[in-house]
Amino acid sequence: LAPSTRYNTKLKERFHVSAVFSAKAKVAMSRFEPSSSINYEKLHENINIVRRRLNRPLTLSEKIVYGHLDDPAGQEIDRGRTYLRLRPDRVGMQDATAQMAMLQFISSGLPKVAVPSTIHCDHLIEAQIGGAQDLQRAKEVNQEVYNFLATAAAKYGVGFWKPGSGIIHQIILENYAYPGVMLIGTDSHTPNGGGLGGICIGVGGADAVDVMAGIPWELKCPKVIGVRLTGTLSGWTSPKDVILKVAGILTVKGGTGAIVEYHGPGVDSISCTGMATICNMGAEIGATTSVFPYNHRMKTYLEKTGQNIFIIYANVCHCPDCDCSSFCFVSLKLK
């Protein structure tokens, strides 16, 4: 997968990555976590170490994954063979799997979670009669579960989204996902966050506990499958048609052990939520996760959802004073 060499003309200004890093600007990970900052500088340092070791350009997913290595200088990296020890940025849990995860975390004896984490009460709501009635029934049937999750979350510094607040994947997309994030979630469709340029991976509850406890998380070094999109969506076509076509080519297990990277001029014709849909359904081909590069569609989505970060991404720089394979995520506060 060759990185794109086309700049996004929709973005009127470009900033050299080193200039922004030197400013030491602090940007909150979300509006709910003002004390937790996005650490692009650390990712930049890790990627430079790995790139020098491998002596080759890196794809977008490699930049994000290797940028989160626990030991970038000593980690053995071989796609599809070695296991990487990673430091994800955050954890998301749905109510069914969060119960055991929180019990295990409590048994660790730690006073607070090591990384920003959230619980989302959506999976225990059964669709039977109608929205309001089903929500009320879920609250009555699962009252003990919800009380446990709410109080445990409050005690250990975990964000809690009560029943009726929305589906976990949409809440993460609207509030917690951002370009360059590595997020693990206790749901197979966590890759939905790839629609905002993040590496979001579905895991089991035990993996979530490791990350919440500050223990490096292990992942087999993923292979990379590149999907170049050309043309535009038109007529009756939808983003779902894109992933259905990819699934037809790769089959239900063709993406196993790999990250699917979408790129090319066709990306700009897909909305941010459309890209999220494609990444969400990547789970159906067995992919570790899927990801899209940052573009003006994501910028618009970040603005419309009121998120307080604005990120410019240039996949490859060809200016004379910049390494063309540098990690060019830049973060600024929204005006």
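This is a short conversation about how some features of a predicted model earn their labels.

Colleague: Which ground rules apply here?

Modeller: This is a predicted model, so local features need pLDDT of at least 70 and side-chain atom pairs count only at pLDDT 80 or more, while totals for chains, interfaces and linings use all residues. Residues are numbered from 1 along each chain as its sequence is written, and side-chain values use heavy atoms, with hydrogens and water left out.

Colleague: What makes Glu 62 and Arg 79 a salt bridge?

Modeller: A salt bridge is a side-chain nitrogen of Lys or Arg within 4 Å of a carboxyl oxygen of Asp or Glu. For Glu 62 and Arg 79 the N to O distance is 2.8 Å, so the pair meets that definition. The two belong to distant parts of the chain, 17 residues apart: Glu 62 sits in helix α3 (residues 60-66) and Arg 79 in the loop between α3 and β1 (83-86). Helices here are DSSP runs of H or I with at least four residues, strands are runs of E with at least two, and both are numbered from the N terminus.

Colleague: Are the two partners buried or exposed, and how do you know?

Modeller: Buried means under 20% relative accessible area, exposed means over 50%, and partly exposed is in between, with a 1.4 Å probe and protein chains only. Glu 62 has 2%, so Glu 62 is buried. Arg 79 has 36%, so Arg 79 is partly exposed.

Colleague: How many salt bridges does the structure hold?

Modeller: The structure holds nine salt bridges. Another one joins Arg 81 to Asp 78, with the closest N and O atoms 2.7 Å apart. Arg 81, at 47%, counts as partly exposed, and Asp 78 is partly exposed as well, at 32%.

Colleague: Why is Arg 137 with Glu 126 still called a salt bridge?

Modeller: Their closest N and O atoms are 3.8 Å apart, and the pair qualifies because the limit is within 4 Å. Arg 137 lies in helix α5 (residues 131-141) and Glu 126 in the loop between β3 (117-120) and α5, so the bridge ties together parts 11 residues apart in sequence. Arg 137 is partly exposed at 37%, and Glu 126 is partly exposed at 45%.

Colleague: Which residues are joined into one network?

Modeller: Arg 56, Glu 62 and Arg 79 are, through salt bridges that share partners.

Colleague: What makes the phi of Asn 55 worth pointing out?

Modeller: Most residues other than glycine have a negative phi. Asn 55 has a positive one, near 55°. Asn 55 follows α2 and is found in the loop between α2 (40-54) and α3. At 67% relative accessibility, Asn 55 counts as exposed. Thr 251 also has a positive phi, near 70°, and lies in the loop between α9 (239-250) and β9 (258-263). Thr 251 is partly exposed, at 41%.

Colleague: How do you know that the span of α2 agrees with what is expected?

Modeller: The expected span of a helix is 1.5 Å times one less than its number of residues. For the 15 residues of α2 that gives 21 Å, and its end C-alpha atoms are 21 Å apart, so the two agree. Buried residues in α2 include Tyr 40, Leu 43, Ile 47 and Val 50.

Colleague: What lines the second largest cavity?

Modeller: On a 1 Å grid over the protein atoms alone, a cavity is a set of points where a 1.4 Å probe fits but cannot get out, and lining residues have an atom within 4 Å of a point. The lining here is Ser 61, Glu 62, Val 65, Tyr 66, Pro 222, Lys 223, Val 224 and Ile 259. Helix α3 gives the largest share, four residues.

Colleague: What is the side-chain pattern along strand β7?

Modeller: The side chains alternate along β7 (residues 217-220): Trp 217 and Leu 219 point to one face and are buried, whereas Glu 218 and Lys 220 point to the other and are not. Strands pair if DSSP finds at least two bridges between them. β1 and β7 have four, in the antiparallel sense, so they count as paired. Within this pairing, Tyr 83 stands opposite Lys 220.

Technical notes: 1 Å grid on protein atoms, 1.4 Å probe; cavity = no way out; pocket = protein on both sides within 12 Å on 5 of 7 lines; lining within 4 Å.
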